[in-house]
Each structure stands twice: as structure tokens, then as C-alpha cells.
Amino acid sequence: SSPADNGTTSHPNGTLQQLPHILIIGVRKGGTRALIEMLSLHSSVAAAQNEVHFFDWESHFQRGLPWYLSQMPYAFPDQLTVEKTPAYFTSSKVPKRIHQMNTDIKLLLILRDPTERVLSDYTQVFYNRLQKHKRYQPIESVLVKDGEINLGYKALNRSLYYVHMQNWLQYFPLESIHIVDGDELIRDPFPEMKKVERFLKLEPQINASNFYFNKTKGFYCLRDHGRERCLHDSKGRAHPHVAPAILQKLYQFFHEPNKKFFELVGRTFNWK
Ligand code: A3P
């Protein structure tokens with residue numbers, strides 16, 4: 001490959017690497033993998049395989065945009081490139097850095113009920129530890145300290161959506177950020193994906209027949225040119241049981257922050 005004059009890298013078959021036009025910024029455990037896979041159904045979209053962590057990891061960021069570009073997939077010139085790194089949403093230095101790269105970039109943010117997201121976050125860490133043959137405290141002893149919600153538990157902070165959203169709105173207008181309802185994407189992905197398509201001004205192409213419910217998995221899976229596939233087993237795992245009284249405390253904990261978020265974005269969500 002050779003550098004072209006627009007800062008992109010071109011390949012003999014007519015494809016080239018381009019800096020992302022679209023970013024899926026989070027939230028962690030919101031359904032970011034499902035979203036990027038479903039978006040990839042569209043022929044005008046080229047998605048990076050891995051989470052690049054360019055804007056949030058110092059060692060990556062210092063390598064500069066040429067390195068970031070080198071992480072992008074080879075795409076046709078008329079395709080839009082998308083990357084997803086769920087940690088971007090909750091990293092306060094990231095919005096400014098993205099804005100410096102491209103003020104017009106389109107941002108996708110997929111959110112889930114904050115309590116559900118915490119349980120999913122716990123489950124993720126639990127399995128990561130299990131893989132390393134390490135133990136993890138039971139969910140309830142992470143969530144509760146001295147009979148109250150344990151504010152020191154980091155996963156709670158990641159579910160305080162308004163706190164993070166405020167940082168983004170300092171650099172990007174609401175019109176640049178499309179929020180995908182992650183609970184709806186689980187329940188019925190097609191309508192959510194049509195909204196994404198519209199936001200990105202893509203030619204309508206994603207079809208109801210691209211999705212089918214897989215009873216064994218308990219989630220929708222994808223049908224792409226006749227090929228059927230579900231997301232990895234690590235997506236859609238059972239969450240630990242939490243005593244109803246503690247769950248209730250969690251819902252209460254998020255009630256005010258959720259209200260603040262709804263006001264910030266001028267939209268409400270069906271969160272408990
Ligand atoms: P759980 O595993 O806790 O259920 P992320 O990709 O951002 O890590 O998000 C993972 C979450 O995506 C899963 O969390 C799951 O609920 C959700 N998800 C949404 N649509 C899905 C689908 N079609 N198949 C599997 N998981 C899906």
C-alpha cells in the first residue's frame with residue numbers, strides 16, 4: 001500500500017483505509033458489539049474488527065493519526081468506516097480529542113437500563129477473572145457496603161450517563177450523537193437499526209429478514225446473504241441473582257441521575 005494525498009492509504013484493488021466517519025463510543029456492555037455487527041449488514045459500511053482504544057489509551061494516542069488510520073479496515077472510497085471502543089464514552093479526555101480529528105463525525109451511543117448495565121459489567125469482570133483462575137467477590141458484596149449502595153464500585157459510575165454525556169455535549173451538538181436504545185435492540189433490533197440507518201443518511205438497505213430470533217441463544221441473530229450467525233457466547237450471558245431489596249436500592253440510586261440524563265438529551269427511556 002502507498003500513501004495517497006488525502007492522508008489515506010490506498011490498495012491496488014481500489015480499497016483504502018480511511019479515518020472513521022462514524023464512532024460507536026459506548027457504553028460498555030450496552031450492546032456495542034451487536035450494534036457494529038448489525039450496522040455491518042449495510043454494504044456502505046466498513047467496520048474495524050477490534051476495539052482500537054485510540055483516544056483513551058495514552059500509548060495509542062501518542063502514536064498519532066497515521067497509526068489510527070493503519071488500524072482501519074480497507075474499504076471502498078464510498079463506504080463509511082466505523083470503529084467501536086466502548087470505553088470512549090466514560091473517558092473525559094476523549095470528546096475533545098475526537099473533535100480535534102473531525103468536528104462533523106457521527107457518534108453512536110448505545111445505552112441500556114443503568115442497573116442492567118451494572119449487572120452486565122459485573123458479569124463481564126467475573127468471567128474475565130474466572131479465565132485467569134481468579135476469584136471475584138459475590139455481586140452483593142460489591143454492590144453494598146455497610147447496608148448502603150457502595151459508591152466506590154466503579155461500574156456504578158459508568159452507569160451515571162448524564163455525568164459522561166455532559167462532557168460530550170461540550171464538544172458535540174446533540175444532533176451529532178444518536179442514542180440507540182440498547183434494551184430495544186435486544187427486544188427487536190430491526191426498528192432500532194432503521195433509525196440508525198436514517199441518522200447516518202444511509203440508503204435504506206437493512207431488512208427485517210436480516211434478523212431472526214434464536215430460541216437457544218435467547219437473542220436475535222443475523223442473516224447476511226443467507227448466512228446465519230449469532231454473536232459470541234460472551235454476549236447475552238445470564239446475570240447473577242440479586243436480592244430484590246438490593247435491586248430496589250439500585251433502581252432508586254439511578255432514579256435522579258436518569259432524570260438528569262433525560263433532561264440533557266430531551267428524550268426519555270424505559271428504565272426501571
Ligand atoms: P449481556 O451479556 O450482559 O446480556 P457489549 O457488546 O457492549 O459488551 O454488550 C453486550 C450486551 O449486548 C449483552 O449483554 C447483550 O445483552 C447485548 N445484546 C444486544 N443484542 C444482542 C444480540 N443480538 N445477541 C447477543 N447479545 C446482545
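Which pocket is the space taken by the ligand? In this predicted model, the space taken by the ligand is the largest pocket, a pocket being, on a 1 Å grid over the protein atoms alone, an open set of points where a 1.4 Å probe fits, with protein on both sides within 12 Å along at least five of seven lines. Residues are numbered from 1 along each chain as its sequence is written, and side-chain values use heavy atoms, with hydrogens and water left out. Because the model is predicted, local features need pLDDT of at least 70 and side-chain atom pairs count only at pLDDT 80 or more, whereas totals for chains, interfaces and linings use all residues.

The shell around the ligand (residues with a heavy atom within 4 Å of it) holds 19 residues, of which Thr32, Ser120, Tyr220, Gly236 and His239 come nearest. Helix α1 (32-39) and strand β13 (219-224) each supply at least two residues of this shell, helices being DSSP runs of H or I of at least four residues and strands runs of E of at least two. The largest share, 4 residues, comes from α1. By class the shell divides into 6 nonpolar, 7 polar and 6 charged residues, where Asp, Glu, Lys and Arg count as charged and Gly is placed among the polar residues.

Polar contacts (pairs of N or O atoms within 3.5 Å) involve both backbone and side-chain atoms of the protein. An N or O atom in the side chain of His239 lies 2.6 Å from an oxygen atom of the ligand, while a backbone N or O atom of Arg33 is 3.0 Å from a ligand oxygen and a polar backbone atom of Arg237 is likewise 3.0 Å from an oxygen atom of the ligand. Taken alone, the ligand exposes 570 Å², and the protein buries 97% of that area (Shrake-Rupley method, 1.4 Å probe).

The largest pocket contains about 810 Å³ of space, a volume being the space filled by probe spheres set on the grid points. Its lining (residues with an atom within 4 Å of a point) comprises 37 residues, and Lys29, Gly30, Gly31, Thr32 and Lys235 are the closest to its centre. At least two lining residues come from each of α1, α5 (114-131), α9 (182-187) and β13, and the lining has 13 nonpolar, 13 polar and 11 charged residues.

The second largest pocket has a volume of about 220 Å³ and is lined by 14 residues, with Glu37, Ser40, Ala47, Ala48 and Gln49 the closest to its centre. Here α1 and β5 (45-47) each supply at least two residues of the lining.

Note on methods
Polar contact = N/O pair within 3.5 Å; in protein donor to acceptor, adjacent residues only side chain to side chain. Sits in = over half its atoms within 2 Å of the grid points.
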